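Colleague: I'm still finding my feet with these terms. Could you take me through this one and tell me how each label is earned?

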Protein chains: 2
Amino acid sequence: MSVKHGLLALLCEGPRYGYELKSAFEARTGTTWPLNVGQVYTTLARLERDGLVARDGEDPEGHALYRVTATGTREVEDWWSQAVEREAPPRDELAIKLALAVGLPGVDARDVLQRQRTATVRALQTHTRKKKALPAGDTAASLVLDALVFAAEAEVRWLDHCEARLSRARNGAR
Amino acid sequence: MSVKHGLLALLCEGPRYGYELKSAFEARTGTTWPLNVGQVYTTLARLERDGLVARDGEDPEGHALYRVTATGTREVEDWWSQAVEREAPPRDELAIKLALAVGLPGVDARDVLQRQRTATVRALQTHTRKKKALPAGDTAASLVLDALVFAAEAEVRWLDHCEARLSRARNGAR
DNA sequence: CACCGCATGTAACGTGTTACATGATTCA
DNA sequence: TGAATCATGTAACACGTTACATGCGGTG
C-alpha cells in the first residue's frame, strides 16, 4: 500500500511520468527506500486498471504522462484522513523469532538476542551517520531517518528487556 | 519469511500436521498474529516444493504429518544464526506517508500527525490491556506484546518529535 | 438436528521484487 | 567509442490473504 498510495499522492501534485515518480519518491524519503523503476510501471498499470490514474498524453519531451482520476483523488483523500493501522500489527519477524526461540529447547535465545542487539546497534549507527550526511533543510528525509532511529532505539530497549526477563526466569528456576 | 521460517522452526521439534502448526504458532505469539489455516497448507506446499520439508506418513489419528529435511534443518540453523535485517528497513507506510505529507501543498501534515497519534495511543492501550489479560507464565506472548508496546511508544515519541519540528519550521518561516 | 471445532486442502488475488529487453541521450 | 543515466516496459516469481469446498466428530 505504501508505493501505491505514495505514487497516487505524488500524482495529485500534477501529471508526471514514470521515471519522474521514481525520482520524486526517492527524493522525499532521502533514498532510504530506493524504488525499482519496474515497480513504478507495474504499479501504474494496476492503478490504471483500477481506474485510479489515467494516461494523459505526453509532455513536450515525449514522456508518457499519468494523471490521477476523480476516483483516485478520493482514494488519496481517504488515505490522508485515515491513520495507518497499527492495531492489527503486521507480522514482525523479530518478535516471532524470539517468541519461538524462548520456547524451543534446541535454541539458545540469549545467543539470538545478542546477535540481534549487535545488528540493531549497527543499524542505529548507520542511520545516524546517514542523517549527518543529509543536506541541511531536507525535513522529510530527516524525519524518515529519525523514524528509523527511534524504532531501532526501541528495539534495543526491547532486546535488553527480553534479556532481563530471561535472566530472571533462569535464576528463578534454580 | 516469518511464517515460512516459523513453521520450519516448529517442525524442528518433531513431525507435526498442518492444523497443529497453526495452533502452535498462534499459541507462541499469544494469538497476536492469528494464522489463517489455509496459509499453513500453502506454505507447507511451497516448503515441500523447495525440499525444506517432506511428508512423513500419518500419525495414529490419521493426520498428514510433515517433517523437516536436512536442507530444512540447515535453513533453520542459518535463520537462528543470522540477525533479522533492519539496515535495509522494510518500507514503513507511516514514514513514507509523513515524508510525502510535509512536502505536499494540499495536505495538512499536522492533521495527519494528530490522527495518527490518537490511533497509536489507542493501539498502545489495546496492547497493554491484552498484556494484562495474559495468563501468568506465558513468557513468549508477554514478550511479543512488550515488543508492540515498545514500538508504539517509540512511534508516539517520533510523532511528537515531528510535530515539534514542523512547529519550529513554521515559526522560523515567518 | 444444527452448530461448532478440527482437519485438509484449492483458487484467486494483491503487493512487492528481481531480472530482462530495448532504446535514447549525454558525457568522458 | 564506451559507459552511465534516462526512459518504458514485460515476465516470472515470492509471500501473504481471503474465500471457498469438503468432510469428520462431538455437543447442545
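**Labels and the reasons for them**

Modeller: Let's start with a single pair: Arg16(A) has Tyr66(A), in β3(A), as its bridge partner. Keep in mind that this is a predicted model.

Colleague: How do you know that β1(A) and β3(A) pair?

Modeller: Two strands count as paired if there are at least two bridges between them. Two bridges join β1(A) to β3 (64-68) of chain A, so β1(A) and β3(A) pair by that rule. The two strands run antiparallel.

Colleague: What makes β1 and β2 of chain A edge strands?

Modeller: The open sheet in chain A has three strands in the order β1-β3-β2, with antiparallel pairing. β1 (16-17) and β2 (53-58) of chain A each have a single partner strand, so one side of each has no neighbour in the sheet.

Colleague: And what is the strand order in chain B?

Modeller: Chain B has an open sheet of three strands, in the order β1-β3-β2, and the pairing is antiparallel. Its edge strands are β1 (16-17) and β2 (53-58), each pairing on one side only.

Colleague: How do you know that β2(B) and β3(B) pair?

Modeller: Again, the rule asks for at least two bridges. β2(B) and β3 (64-68) of chain B have four bridges, in the antiparallel sense, so the rule is met. Within this sheet, Glu58(B) stands opposite Ala64(B) in β3(B).

Colleague: On to the two chains together. Why is Arg86(B) with Asp92(A) called a salt bridge?

Modeller: The cut-off is 4 Å between a side-chain nitrogen of Lys or Arg and a carboxyl oxygen of Asp or Glu. For Arg86(B) and Asp92(A) the closest N and O atoms are 3.1 Å apart, so the pair qualifies. The rule finds five salt bridges across the interface of chain A and chain B. It also finds 28 residue pairs in polar contact there.

Colleague: Which element gives the largest share of chain A's side?

Modeller: That's α7(A), with 16 residues of the side that touches chain B. That side of chain A divides into 36 nonpolar, 15 polar and 15 charged residues.

Colleague: How many residues are in contact, and how much area do the chains bury?

Modeller: 66 residues of chain A are in contact with 66 residues of chain B. The two chains bury about 6200 Å² between them, with 65% of it on carbon and sulfur atoms. In chain A, Trp33(A), Trp80(A) and Arg91(A) lose the most area to chain B, together 13% of what that side buries.

Colleague: Now the DNA. What makes Tyr17(A) a polar contact of DNA strand D?

Modeller: Here the cut-off is 3.5 Å between N or O atoms. An N or O atom in the side chain of Tyr17(A) is 2.9 Å from a phosphate oxygen of DNA strand D, so Tyr17(A) passes. Tyr19(A) places a backbone N or O atom 3.0 Å from a phosphate oxygen of the strand, while for Met1(B) a backbone N or O atom is at 2.9 Å. Both values are within the cut-off, so these are polar contacts too.

Colleague: Which part of DNA strand D do most of the atoms within 4 Å of the protein belong to?

Modeller: Sugar or phosphate accounts for 65% of those atoms, and bases for the rest. On the protein side, 18 residues surround DNA strand D, with Tyr41(A), Asn36(B) and Gln39(B) among the closest. That surface divides into seven nonpolar, six polar and five charged residues.

How values were computed. Residues are numbered from 1 along each chain as its sequence is written. Chains are lettered from A and ligands numbered from 1 in the order in which they are written. This is a predicted model: local features need pLDDT of at least 70, side-chain atom pairs count only at pLDDT 80 or more; totals for chains, interfaces and linings use all residues. Side-chain values use heavy atoms; hydrogens and water are left out. A residue is near a molecule or strand if one of its heavy atoms lies within 4 Å of it. A polar contact is a pair of N or O atoms within 3.5 Å; within protein, one must be able to donate a hydrogen and the other to accept it, and residues adjacent in sequence count only if both atoms are side-chain atoms. Ala, Val, Leu, Ile, Met, Phe, Trp, Tyr, Cys and Pro count as nonpolar, Asp, Glu, Lys and Arg as charged, and the others, Gly among them, as polar. Contact means heavy atoms within 4.5 Å. Buried area is the accessible area (1.4 Å probe) that two parts lose on being put together, summed over both.
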